[in-house]
Amino acid sequence: MTEPPLGLEKPLVAQVSDVAHPSLTGLVDSTVEAGLEMKARSQWSYARTRFLRHRLAVAGLIGLIIIFGAGIFANFVAPYSYAAIDYTNTLHPPTTINHHYFGTDAIGSDEFSRVIWGIRTSLEVGVFVAVVSSVIGLIIGAVAGYFGGLLDNLLMRITDLVLTLPALAILLAFSALLGGGSQWTISIILAAFFWTGIARVVRGVFLSLREKEYVEAAKASGAGDARIMFRHILPNTLGPVIVNGTLAVGTAILTESALSFLGFGIQPPTPSLGALVADGQNYPVQWWLTIFPGLLIVLIVLCVNFVGDGLRDALDPQQRRMRA
């Protein structure tokens, strides 16, 4: 069999197929002859691949699925109701007897059940704050970055004003003024302060993208400002918004836990991880009342940060090397 002239050799795919699977040679040749090409991978496909290569991010995602899954299905995971009381079984250490895996508290409530229900409360607060603050920040940042000028200066001065406020002191004041107790009240208060970071990020992206050629072409074709903002520019800002929204979940959970620990957050009988840690401070000998809810807070925030770090690496098209 004569060798083909230089430069006309079969593609590398066909050469590999000849060695590994000779039966595929005809299929590859017929595909090339027919002028067919393999389907190009989308940017989201590349992002998913890069995320899955980030080992810490994958580990964090698995951890969040397990922890938040237990909170979502608390009705089936928790052996007792969070409001159940048993005065004959108070301050018992962790044991497998009667399914008191994390022991009991001062009124005989099962600590494991209250921690599981507390995870659900933290999840509700974190997701609500992340979604609402992302929407508010996205709208304010998009309007400021696209229109610029006086409107941009006004919106950014308001943003800077909110950023300069002592966050914890203001949150404590609002919690005392509006009255803590409901996780939704605390969530609204937190969302009112968490939008600033996302607004600044979105504004920066809009400032750079509004000068691109495709935006000028859309304007020349008669597209309105709203269509250009939300149809042409907004999809290119989803990466930073997703990353910041993910990190906002962990920050909101940590802040809510701090407020509850200080007594200005979610009030009993609604379980909260921060409130459980605060209750455990009254019984230093009973270590399980503090260790287990505190450890869950640390794990949740750590996993959220790992996932956010992985999303930042995956959604940045200029970054290819993984840090893990």
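A residue counts as partly exposed when its relative accessible area lies between the limit for buried, under 20%, and the limit for exposed, over 50%. By this criterion R203, with a relative accessible area of 23%, is partly exposed. The structure examined here is a predicted model, and the description below covers its salt bridges, its aromatic pairs and its second largest pocket.

Side chains of opposite charge can pair when their charged atoms come close. The structure contains five salt bridges. One of them joins the side chains of D152 and R203, with a distance of 2.7 Å from N to O. Because D152 belongs to helix α7 (residues 149-164) and R203 to helix α9 (residues 183-209), this salt bridge ties together parts that are 51 residues apart in sequence. The acidic partner, D152, has a relative accessibility of 6% and is therefore classed as buried, whereas R203 is partly exposed at 23%.

Helix α7 also holds both partners of a salt bridge between R157 and D160, whose closest N and O atoms are 2.8 Å apart. The two residues are separated by three positions, about one turn of the helix. R157 is partly exposed, at 47% relative accessibility, and D160 falls into the partly exposed class with a relative accessible area of 24%.

D160 also forms a salt bridge with R200, for which the closest N and O atoms are 2.7 Å apart. This pair links distant parts of the chain, since R200 lies in helix α9 and D160 in helix α7, 40 residues apart. R200 has a relative accessibility of 42% and is partly exposed. Through these contacts, R157, D160 and R200 are linked in a network of salt bridges. Helices α7 and α9 are thus joined by the D152 and R203 pair and by the R200 and D160 pair.

A pair of aromatic rings is described by the distance of the centres and the angle of the planes. Across the whole structure, eight aromatic pairs were found. In one of these, the ring centres of F128 and W184 are 5.7 Å apart and the planes meet at 70°; because an angle over 60 degrees counts as edge-to-face, the pair is assigned to that class. F128 is located in helix α6 (residues 111-147) and W184 in helix α9, so that distant parts of the chain, 56 residues apart, are linked by the pair. Both rings belong to partly exposed residues, with a relative accessible area of 28% for F128 and a relative accessibility of 40% for W184. Elsewhere, a single aromatic cluster is formed by Y101, F102, F112, W287, W288 and F292.

Rolling a probe the size of a water molecule over the atoms shows where empty space is left. The second largest pocket holds about 270 Å³ of space. Its lining consists of 18 residues, of which D105, A106, I107, R114 and D279 are the closest to the centre of the pocket. Two elements, α6 and α13 (273-280), each give two or more residues to this lining. The largest share, three residues, is contributed by α13. In terms of residue class, the lining of the second largest pocket comprises 11 nonpolar, three polar and four charged residues.

How values were computed. Residues are numbered from 1 along each chain as its sequence is written. This is a predicted model: local features need pLDDT of at least 70, side-chain atom pairs count only at pLDDT 80 or more; totals for chains, interfaces and linings use all residues. Side-chain values use heavy atoms; hydrogens and water are left out. A salt bridge is a side-chain nitrogen of Lys or Arg within 4 Å of a carboxyl oxygen of Asp or Glu. Helices (H or I, at least four residues) and strands (E, at least two) are DSSP runs, numbered from the N terminus. Buried means under 20% relative accessible area, exposed over 50%, partly exposed in between (1.4 Å probe, protein chains only). Rings of Phe, Tyr and Trp (its six-membered ring) pair if their centres lie within 6.5 Å; planes under 30 degrees apart count as stacked, over 60 as edge-to-face and the rest as tilted. On a 1 Å grid over the protein atoms alone, a cavity is a set of points where a 1.4 Å probe fits but cannot get out, and a pocket is an open set with protein on both sides within 12 Å along at least five of seven lines; lining residues have an atom within 4 Å of a point. Grid points are joined across faces, edges and corners, and a volume is the space filled by probe spheres set on the points. Ala, Val, Leu, Ile, Met, Phe, Trp, Tyr, Cys and Pro count as nonpolar, Asp, Glu, Lys and Arg as charged, and the others, Gly among them, as polar.
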